[in-house]
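Got the viewer open? Here is a short tour, one selection at a time.

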Amino acid sequence: MQIRRARAGDLPEILRMLFDDRATPSDEVDAGARCYADAFEEMQRSDVNATYVAEVDGRIVGTFMLTCIRHLMRRGALVAQIEAVRVDASQRGRGHGAQMMRWAIDEARRRGCNRVQLTTNKSRKDAQRFYERLGFRATHEGMKLGFD
């Protein structure tokens, strides 16, 4: 498996995986809408926030976002936030997700982060077990406030 920073040509496949596997309804528009390309371009220009893809034999099998956040606590530590983790439905159960997460964790360490954090929808029991197998622990309760 090769993991790399996503390129503009990867966006349709990334959006397909994200849209195909949503735990909660959202107001997404057509994947070709400019808003997605604009957001992707902004993210990929950043040194601290980007989308990555995992490839096997030249085919994208998964994706995730990795963001490094500077904190004032813990002597100004960096914290890695992982979001939008998806493995193509046809590729699940082959260890791709675990490989992606190990890569992201290693990258967070390489960047000097002192921890990795993520959220997963409470309805995603399989995802919760997956993250627990990787060593993640549910130590905090996440909350959201939407501006719909």
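Select V116 to begin: at 21% relative accessibility, V116 counts as partly exposed, because buried would need a value under 20%. Keep in mind that this is a predicted model. V116 sits in strand β5. Now show what V116 touches beyond four places in sequence: you should pick up A80, I82, I105, A108 and F136. Add W103 as well, and draw a C-alpha to C-alpha distance to V116; the pair is 12 Å apart in space and 13 residues apart in sequence.

Next, bring up the second largest pocket, with a volume of about 160 Å³. Which residues line the second largest pocket? Select I105, A108, R109, C113, N114, R115, V116, L134, G135 and F136. V116 is one of them, and so you are still looking at part of the earlier selection, since I105, A108 and F136 are also among the contacts of V116 as contact is defined here. Colour by element and you'll find that α4 (96-110) and β5 (113-118) each give two or more residues to the lining. The largest share, 4 residues, comes from β5. Switch to colouring by class and the lining splits into 6 nonpolar, 2 polar and 2 charged residues.

For the last stop, jump to T51, in strand β2 (residues 49-56). Is T51 buried or exposed? At 7% relative accessibility, T51 counts as buried. Show its contacts, skipping neighbours within four places in sequence, and R5, A6, I14, F40, M43, Q44, T63, F64 and M65 come up around T51.

Key
Residues are numbered from 1 along each chain as its sequence is written. This is a predicted model: local features need pLDDT of at least 70, side-chain atom pairs count only at pLDDT 80 or more; totals for chains, interfaces and linings use all residues. Side-chain values use heavy atoms; hydrogens and water are left out. Buried means under 20% relative accessible area, exposed over 50%, partly exposed in between (1.4 Å probe, protein chains only). Contact means heavy atoms within 4.5 Å. On a 1 Å grid over the protein atoms alone, a cavity is a set of points where a 1.4 Å probe fits but cannot get out, and a pocket is an open set with protein on both sides within 12 Å along at least five of seven lines; lining residues have an atom within 4 Å of a point. Grid points are joined across faces, edges and corners, and a volume is the space filled by probe spheres set on the points. Ala, Val, Leu, Ile, Met, Phe, Trp, Tyr, Cys and Pro count as nonpolar, Asp, Glu, Lys and Arg as charged, and the others, Gly among them, as polar.
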